[in-house]
Amino acid sequence: MEKLSFTILLLFLTNVVSLAQIEDPRIEKAQNNPRTKIVVYTKTGEIYKGFFISQNKDFLEIETESVGTVRIPTERIKKVETLDESKSGEELKDERLQQINPVRYMLGTSAFNYEKGGNYIRNNPMTYHRGITDNFSVGVGTSLWALVLRVPVIYVNPQFTSKLGKSVHYKFGLDAFAGTSLEAGEGAGGAIVNTGITVGDPDLNLTGTVYFGAISDAERLNPFYSLAGMARISKKLMVVSEGFYIPTEFDDNLSFVFYGGRYLTETASYDLGFFYNQEIADVIPFGIPFFAATVKL
């Protein structure tokens, strides 16, 4: 039972309609000019750039230089423009690439949500996420740690978000775990609720979060806290950091930090992060490295 409860805690610490109108009249002639280059802006902030292929009432298709053909639901489109041919090559290179994973820092979450109707796979832990609405998403999965230790665990992660102001968002989420030890034949579970505020936009933000909950065969967890932020430093690179503070009944309260970089593509984000605290620094000065990826299907 202790082994299963430890695995659940470890799993958390490794995780924890209107149609768009084409506004630029030059795009109306794109059927006769298949090499028309356009920019698509979505209601949730994504920007796609590529060559126009076709559009109907359900989808707009474009051909991007990096990932090939992309189909964008028209209900998600805010506006479409032809690429300004007057821009210089350097200006075009600096155009913003969408932050595909503004939802998650290295471990915790922001108050942004997954795109409505979007499907995502994340490896840390192994989770499938789907955007149900603009403000609600659900993730479900498991962990390699649990499988290796022969204590399979099911992980569920719903999250609700709401916009409070121009640059202020609220979140309420749940990390719930349930599993059974294959050796002992006993089960255990846990649930950790998080709530907090994000200030900023997907490219530059700061989030404060409070966590509380309980794990089987353990006393109710005392509240603990995190402060996290991310910032874009170039078209495809971001820096991400996240600090946790856990009050204890002893003199030494616990604190640790996740930090690292994020590389963006049009359909995925790749994180190289480090887990750091003073005890780890005595052995590995820069912290324990880890890798995480989120891919939009």
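1. In this predicted model, tyrosine 211 and phenylalanine 244 are both buried. The two residues form an aromatic pair whose ring centres lie 5.7 Å apart and whose planes meet at 35°, an arrangement that counts as tilted. The pair links distant parts of the chain, since tyrosine 211 belongs to strand S12 (residues 204–215) and phenylalanine 244 to strand S14 (residues 237–246), with 33 residues separating them in sequence.

2. Tyrosine 211 and phenylalanine 244 also belong to one aromatic cluster, in which they are joined by Phe224, Phe256, Phe258, Phe275 and Phe290. When the cluster is inspected in the viewer, the pair described above offers a convenient place to start.

3. For the protein chain as a whole, the count of aromatic pairs comes to 13. A second pair that deserves attention is formed by tyrosine 114 and tyrosine 120, with ring centres 4.6 Å apart; their planes stand at 40°, which lies between the limits of 30 degrees for stacked and 60 for edge-to-face, so this pair is tilted. Both tyrosine 114 and tyrosine 120 are buried.

4. Asparagine 194, located in strand S11 (residues 187–201), has a relative accessible area of 3%, and because buried means under 20%, this polar residue is classed as buried. Its side chain is joined to that of lysine 171 by a polar contact of 3.3 Å. Once neighbours within four places in sequence are left aside, the residues in contact with asparagine 194 include Thr109 and Gln159, the run of Lys171, Phe172, Gly173, Leu174 and Asp175, and also Thr209, Val210 and Tyr211. Tyrosine 211 therefore appears both among the contacts of asparagine 194 and in the aromatic cluster of point 2, and a reader tracing either group will come upon this residue of strand S12.

5. Two basic side chains are placed over aromatic rings. Arginine 71 lies over the face of phenylalanine 59, at 4.1 Å from the ring centre, while lysine 79 lies over the face of tyrosine 41, at 5.0 Å from the ring centre.

6. As to the overall architecture, the protein chain contains four helices and 17 strands, and 45% of its 297 residues count as buried. The chain exposes about 15,100 Å², of which carbon and sulfur atoms supply 60%.

Note on methods
Residues numbered from 1 in each chain as written. Predicted model: local features only at pLDDT ≥ 70, side-chain atom pairs only at ≥ 80, totals over all residues. Heavy atoms only, no water. Helix = DSSP H or I, 4+ residues; strand = E, 2+ residues; numbered from the N terminus. Buried < 20%, exposed > 50% of the residue type's maximum accessible area, 1.4 Å probe, protein only. Areas by Shrake-Rupley, 256 points an atom, 1.4 Å probe, with all protein chains shown as cover. Phe/Tyr/Trp six-rings, centres within 6.5 Å; stacked < 30°, edge-to-face > 60°. Lys NZ or Arg CZ within 6 Å of the ring centre and 35° of its normal. Polar contact = N/O pair within 3.5 Å; in protein donor to acceptor, adjacent residues only side chain to side chain. Contact = heavy atoms within 4.5 Å.
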